[in-house]
Amino acid sequence: MIPLNENKIRHPRLIAWELTNACNLACIHCRASAIKDPAPDELSTAQAKHFVDELVEYKPIIILTGGEPLLRSDVYDIAKYASGHGLRVVLATNGTLLTPEIVKKLKDVGIQRVSISIDGSTKETHDTFRGEIGAFESALRGIDILKNEGLSFQINTTITKRNLTQIPNIYDLALELGASALHIFLLVPTGRGEDIESDEIPAEEYERVLNWFYDKSKNSPIQLKATCAPHYFRIMRQRAKAEGIKITRETHGLEAMTKGCLGGSGFCFVSSTGNVHPCGYLPALAGNIRQKPFKMIWEKSKVFNDLRDPGMLKGKCGECEYRAVCGGCRARAYALTGDYLDEEPYCTYVPPKKV
């Protein structure tokens, strides 16, 4: 287990970079509350390349996201510049705009994986999420193109009450489509997601679905990853202990080497206007790359250093023996209380100190 004093500054491993807030869809759970047209003050190409220059010393994986990143005309220039500087670059898209020409360009500029959002095992469910009839079929066409061009892809799924019963079928669909991975995201009520806050699944369902996910991960032929669900890392350890299994890289893959909430410690989010946040769902501002060097923001900002110290967590999260490997969802705590250090509101676990 990660020691409680393990709050020293580490390099960011992943950076989600919102290239644009513009999107061709209007998804009901959109973190960005994306709009049809790009904001007038988005980072310029030159500013984007300067940001890449700042990241070279850290060598993080860069996730080019949005909005819909393919709506930004210089996405290929930015991707090529980053991959040319030795960074691993991946793309998060809704998949509806993919064509053979676009996918070939993505390969040529060094995109190594594409994530496609699939939020239902049926077109009716997915299209309702995405706010457009035909979005499901368009996403599947995009996946076919990726497969034909030999570009690795994964499926991203946001879990709510609307699609909870379809998650096993979405897993089967990911296998059928030939995805490299399935990443599940537990809804965080930010952006347009605030309007469907009532669709968040209850804490008891979180436990059930994450236990199901753990069972699937044992023999899954594709990578499974739970995101915005830090209690999975507590469940993983509880289940492994009960099964007499020691958690190692060999038994649990990369999940053995990481923890739940990585916001501010191994991950951050950069908006289309240069604002830096712990994640896309937590609007606490760490700084802006137009005003300060990224290195200064990453290493010196108060919010990031708060989040790196499990000893600062409050409520039952502060007393939990799993706080260094789980940490609770800081975005959900902030959404409910306005305090990103408060206890995770969607967790059933009661630490021994609370009993």
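Helices here are DSSP runs of H or I with at least four residues, and they are numbered from the N terminus. The model is a predicted one. One such helix, H13, holds Arg-332, and the tour returns to that residue near its end.

**Stop 1: the sheet**

Colour the strands first. Ten of them make an open sheet with mixed pairing, in the order E7-E6-E5-E4-E3-E2-E1-E8-E9-E10. Select 223-227 for strand E7 and 287-288 for strand E10: these are the edges, and each has a single partner strand, so one side of each has no neighbour in the sheet.

Now move inward to strand E3 (residues 89-93) and strand E4 (residues 111-117). They pair in the parallel sense, over five bridges. To see one of the bridges, select Val-89 and its partner Ile-111 in E4.

Helix H2 (residues 75-84) lies across this part of the sheet. The strands it crosses are E1 (14-18), E2 (61-65), E3 and E4, and its direction is at about 150° to E3.

**Stop 2: strand E5**

Select residues 153-159, which form strand E5. How many of the residues of E5 are buried? Seven of its seven are, and the strand is mostly covered. Show the side chains: Phe-153, Ile-155, Thr-157 and Ile-159 point one way, while Gln-154, Asn-156 and Thr-158 point the other way.

E5 has E4 as a parallel partner, over four bridges, and E6 as another parallel partner, over six bridges. Ile-155 takes part in both pairings: Ile-116 has Ile-155 as its bridge partner in E5, and Ile-155 stands opposite Leu-182 in E6.

**Stop 3: helix H7**

Select residues 203-219. The end C-alpha atoms of helix H7 are 26 Å apart; for its 17 residues at 1.5 Å a residue the span should be 24 Å, which agrees.

Which residues of H7 are buried? They are Ala-203, Tyr-206, Glu-207, Val-209, Leu-210, Phe-213 and Tyr-214. The spacing can be read against a general rule: an α-helix has 3.6 residues a turn, so residues three or four places apart point the same way. The buried residues of H7 pack against strands E5, E6 (181-186) and E7, and against helices H8 (231-242), H9 (249-252) and H13 (330-337).

**Stop 4: aromatic rings**

The model has eleven aromatic pairs. Start with Tyr-206 and Tyr-346: their ring centres are 5.7 Å apart and their planes stand at 50°, so the pair is tilted. This pair links distant parts of the chain, since Tyr-206 is in helix H7 and Tyr-346 in the segment after H13, 140 residues apart. Tyr-206 counts as buried at 0% relative accessibility, whereas Tyr-346 is partly exposed at 21%.

Next select Tyr-322 and Tyr-349. This aromatic pair is edge-to-face, with 5.7 Å centre to centre and 70° between the planes. Tyr-322 is in the loop between helix H12 (315-319) and H13, and Tyr-349 is in the segment after H13, 27 residues apart. Both Tyr-322 and Tyr-349 are buried.

Then show Trp-17, Phe-51, Tyr-58, Phe-294, Trp-298 and Phe-304 together; ring pairs link them into a cluster. Add Arg-308, which lies over the face of Trp-298 at 4.7 Å from the ring centre. Elsewhere, Lys-105 lies over the face of Tyr-76, at 5.0 Å from the ring centre.

**Stop 5: Arg-332**

Select Arg-332 in helix H13. Is Arg-332 buried or exposed? Its relative accessible area is 2%, so Arg-332 is buried. Beyond its neighbours within four places in sequence, its contacts are Leu-186, Leu-187, Val-188, Glu-200, Tyr-206, Cys-228, His-231, Glu-344, Pro-345 and Tyr-346. Tyr-206 and Tyr-346 are the tilted pair from the previous stop.

**Stop 6: backbone details**

Most residues other than glycine have a negative phi, and most peptide bonds are trans. Three places here depart from that.

- Cys-228, a contact of Arg-332, is in the loop between E7 and H8. Its phi is near 55°, a positive value, and the residue is buried at 17% relative accessible area.
- Lys-59 is in the loop between helix H1 (45-55) and E2. Its phi is also near 55°, and Lys-59 is partly exposed at 47%.
- The peptide bond from Gly-66 to Gly-67 is cis, with omega near 25°. Gly-67 is in the loop between E2 and H2.

Notes. Residues are numbered from 1 along each chain as its sequence is written. This is a predicted model: local features need pLDDT of at least 70, side-chain atom pairs count only at pLDDT 80 or more; totals for chains, interfaces and linings use all residues. Side-chain values use heavy atoms; hydrogens and water are left out. Two strands pair if DSSP finds at least two bridges between them. Helices (H or I, at least four residues) and strands (E, at least two) are DSSP runs, numbered from the N terminus. Contact means heavy atoms within 4.5 Å. Axes are lines fitted to C-alpha atoms, for helices over the stretch in contact, and angles run from 0 to 180 degrees between N-to-C directions. The expected span of a helix is 1.5 Å times one less than its number of residues. Buried means under 20% relative accessible area, exposed over 50%, partly exposed in between (1.4 Å probe, protein chains only). Rings of Phe, Tyr and Trp (its six-membered ring) pair if their centres lie within 6.5 Å; planes under 30 degrees apart count as stacked, over 60 as edge-to-face and the rest as tilted. A charge sits over a ring if NZ of Lys or CZ of Arg is within 6 Å of the ring centre and within 35 degrees of the ring normal.
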